[in-house]
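This report describes the strand pairing, nonpolar cores, ligand surroundings and backbone geometry of the structure shown below.

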Amino acid sequence: MGRWGFVVMLGGLLLMGANPLISWGFSSGLRPLDPAAGGAAAGAASCRTCHQDVYRAWAGSRHAAAATNALFVSALEKEPDPRCVNCHAPLRAQGRRDEGVNCAVCHVRDGKVRTARPMSALGEAAHKSELAPALAEPGFCAQCHEFAFRRADGSLSDDAPIQSTVTEWRAYRDRGGQKSCRDCHMAEGGHRFWGAHHRPTLDQAIAYSLSPSAAGCRLTLQNQAGHAVPTGDMTRRLDVVAVTAAGRRRVVQSLVRTFRFVPDEAGGGMRKVRDADSTLRPAERRSLDLPADAARVEVVYWFTHPRNAMTPQLRDTETRRVLFAADLEEDVPCAIP
Ligand code: HEC
Ligand code: HEC
Ligand code: HEC
Ligand code: HEC
Ligand code: HEC
């Protein structure tokens, strides 16, 4: 059984525009992007001539690799649901599958280039444009970065989020956070959209500190990202691992989302819902007492469920990263001798 637990027919649709006046035609992946949407079929190479720097940044991004990266390819093989491809390669029907989420997916509709700012005369001479300030808002990203499981009748079950990065971002903002998706993900790297696959970005997510506790050491994690950590794909997890002097490893806590099955009121079968969420909430500070026999602590980020990491296709791919490690006696003498 795959990550989504079941495969149902494509059915109902939900139009979730970032701005009610302007729609991108995304549908949480329920349908492919409408092939009738004019110049939306443009390949990235047709923008490259005049936008070389943006092209180069995009080409190195996960958006460009959304349909071809090993983690996606192996997950799709286990669960070949058309919905996956509708989101990871919205222009498949237009022959652009391997470009994943390309320029046209975000910028081109009805033969016009959508921009957040008014197009200059120079730009207007190169291509027709349409002003779409919503492009710069988190609601635009939400059309792909926020979605739910589907019931047997095709409707989306709002009690069952698969990804909830934008809802998490709202919680970050409610707790005083000032930045938008764009401030953090389009700043230095522009269209690189750096995230968990970029070590320096991943390193900014959490501040770590060790302090003495009654039993020995206490590790404190402080979320510094603009959403939960980990966020995004349902299989992401963070393990806090204690290692004894003899090398025995024990997971002290997993920061992860778990899922369970409930009867599907719309179809008679079962559907998946989110069960528990132990990820680090926005702005959360969490302290964990490490076992008294711990000689070392590691914080390990998993890009996929540890049991998937063994599949042959992923053997040469990075599936985990050690984000933080400390030898408790040498680096930090927590326990009072
Ligand atoms: C995932 C969606 C997405 C993709 C894919 C994407 N863009 Fe953008 N682009 C944006 C957003 C959002 C902005 C920012 C709007 C703002 O802040 O003004 C932007 C801004 C721009 C700008 C103006 C600012 C700048 O950096 O120069 C250009 C030009 C541009 N994009 C071209 C492209 C080209 C060419 C491609 C493909 C090589 C591309 N975009 C791919 C979302 C995207
Ligand atoms: C023939 C050259 C040319 C091609 C091809 C071209 N552009 Fe442009 N584009 C321009 C020029 C020139 C500007 C205006 C730049 C300026 O004013 O600094 C512009 C501006 C833009 C902007 C707005 C930048 C801003 O300041 O907000 C976006 C977005 C954009 N282009 C996207 C695209 C996309 C997507 C493609 C491919 C489908 C594309 N362009 C193809 C020449 C081109
Ligand atoms: C204050 C900065 C900040 C803001 C604001 C922010 N992010 Fe992030 N984001 C990060 C950091 C740091 C990471 C790396 C840690 C991680 O992957 O959890 C990250 C990771 C991600 C990832 C990668 C997750 C993965 O599993 O690969 C996605 C997707 C993402 N952010 C989307 C968004 C979206 C969408 C928004 C707006 C709703 C947003 N982010 C707002 C800092 C930010
Ligand atoms: C058409 C759908 C779509 C839109 C719109 C979109 N994304 Fe994505 N984004 C994706 C997909 C699919 C991936 C996963 C690619 C992969 O398989 O690694 C992704 C990955 C990312 C990552 C992860 C990079 C990493 O290293 O893990 C970040 C960050 C991100 N997007 C930010 C944004 C932001 C910010 C916006 C809004 C400006 C946005 N995206 C709009 C579909 C989209
Ligand atoms: C509504 C859009 C949408 C649908 C539908 C969707 N995804 Fe994704 N997927 C995303 C976004 C956005 C991300 C980026 C978040 C992140 O990087 O963790 C992502 C990330 C992933 C990743 C992590 C890729 C990486 O680079 O590490 C995998 C694997 C994945 N999806 C597999 C699937 C599979 C398999 C399906 C179908 C069963 C599916 N997705 C359906 C939007 C979607």
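## The five-stranded sheet

Five strands form an open sheet in the order β10-β9-β8-β12-β13, and their pairing is antiparallel. Its edges are β10 (270-277) and β13 (320-327), each of which pairs on one side only. On average, and with direction ignored, neighbouring strands of this sheet are turned by 25° against each other. The model is a predicted one.

The pairings within this sheet can be set out strand by strand. The table lists three of them, each with a pair of residues that stand opposite one another.

| Strand pair | Sense | Bridges | Residue pair |
|---|---|---|---|
| β8 and β9 (249-263) | antiparallel | seven | Leu 238 and Leu 255 |
| β9 and β10 | antiparallel | seven | Pro 263 and Met 270 |
| β12 (294-302) and β13 | antiparallel | seven | Tyr 301 and Arg 321 |

Two of these pairs are hairpins. Four residues lie between the strands in the hairpin of β8 and β9, where Gly 247 takes a positive phi near 95°. The hairpin of β9 and β10 has six residues between its strands, and Gly 268 in the turn shows a positive phi of about 95°.

## The three-stranded sheet

A further open sheet consists of three strands in the order β1-β2-β3, with mixed pairing. Here β1 (108-109) and β3 (129-131) are the edge strands, each pairing on one side only. β1 and β2 (residues 112-115) run antiparallel and are joined by two bridges. Val 108 has Val 113 in β2 as its bridge partner.

## Nonpolar cores

The largest nonpolar core holds 20 residues; Cys 217, Leu 219, Val 229, Leu 280, Leu 290, Ala 294 and Val 297 are the ones that touch the most other members. Two or more residues of this core come from each of β7, β8 and β12. The greatest contribution is that of β12, with four residues. Another core lies apart from it and has 15 residues, including Leu 33, Trp 58, Ala 64 and Cys 103. Such grouping can be set beside a general tendency: in soluble globular proteins, nonpolar side chains tend to be buried together.

## Surroundings of ligands 1 and 4

Ligand 1 has 20 residues around it, of which Cys 47, Trp 58, Cys 103, Cys 106 and Ala 116 come nearest. The elements giving two or more residues to this shell are α2 (52-59) and α5 (103-107). The largest share, four residues, is that of α5. Sorted by class, the shell around ligand 1 contains 12 nonpolar, six polar and two charged residues. Trp 58 and Cys 103, both among the residues nearest to ligand 1, also belong to the core of 15 residues.

Around ligand 4 there are 26 residues, and the closest are Cys 141, Cys 144, Cys 181, Gly 195 and His 197. At least two residues of this shell are supplied by each of α4 (82-88), α5, α7 (138-145) and α9. The largest share comes from α7, with five residues. By class, 16 residues around ligand 4 are nonpolar, nine are polar and one is charged. Domain 1 (1-136) and domain 2 (195-327) each provide at least three residues of the shell around ligand 4. α5 thus has a place in the description of both ligands: it gives four residues to the shell around ligand 1, and at least two to the shell around ligand 4.

## Backbone geometry

Most residues other than glycine have a negative phi, and most peptide bonds are trans. Against this background, three places in the backbone deserve attention.

Asp 110 is not a glycine, yet its phi is positive, at about 50°. It is placed in the loop between β1 and β2. Is Asp 110 buried or exposed? Asp 110 counts as exposed because it has 12 C-beta neighbours inside 10 Å, and a residue with 12 or fewer falls in that class.

Phe 193, likewise a residue other than glycine, has a positive phi near 45°. The loop between α9 (181-185) and α10 (199-203) contains Phe 193. With 22 C-beta neighbours inside 10 Å, Phe 193 counts as buried, since the threshold for burial is 20 or more.

The peptide bond from Val 229 to Pro 230 is cis, and its omega is near -10°. Pro 230 lies in the loop between β7 (217-223) and β8 (237-244). Val 229, on the other side of this bond, is one of the residues that touch the most other members of the largest nonpolar core.

Conventions. Residues are numbered from 1 along each chain as its sequence is written. Chains are lettered from A and ligands numbered from 1 in the order in which they are written. This is a predicted model: local features need pLDDT of at least 70, side-chain atom pairs count only at pLDDT 80 or more; totals for chains, interfaces and linings use all residues. A residue is near a molecule or strand if its C-beta atom, placed from the backbone, lies within 6 Å of it. Ala, Val, Leu, Ile, Met, Phe, Trp, Tyr, Cys and Pro count as nonpolar, Asp, Glu, Lys and Arg as charged, and the others, Gly among them, as polar. Two strands pair if DSSP finds at least two bridges between them. Domain bounds come from an automatic or database domain assignment. Axes are lines fitted to C-alpha atoms, for helices over the stretch in contact, and angles run from 0 to 180 degrees between N-to-C directions. A nonpolar core is a set of buried Ala, Val, Leu, Ile, Met, Phe, Trp, Tyr and Cys residues joined through C-beta atoms within 7 Å.
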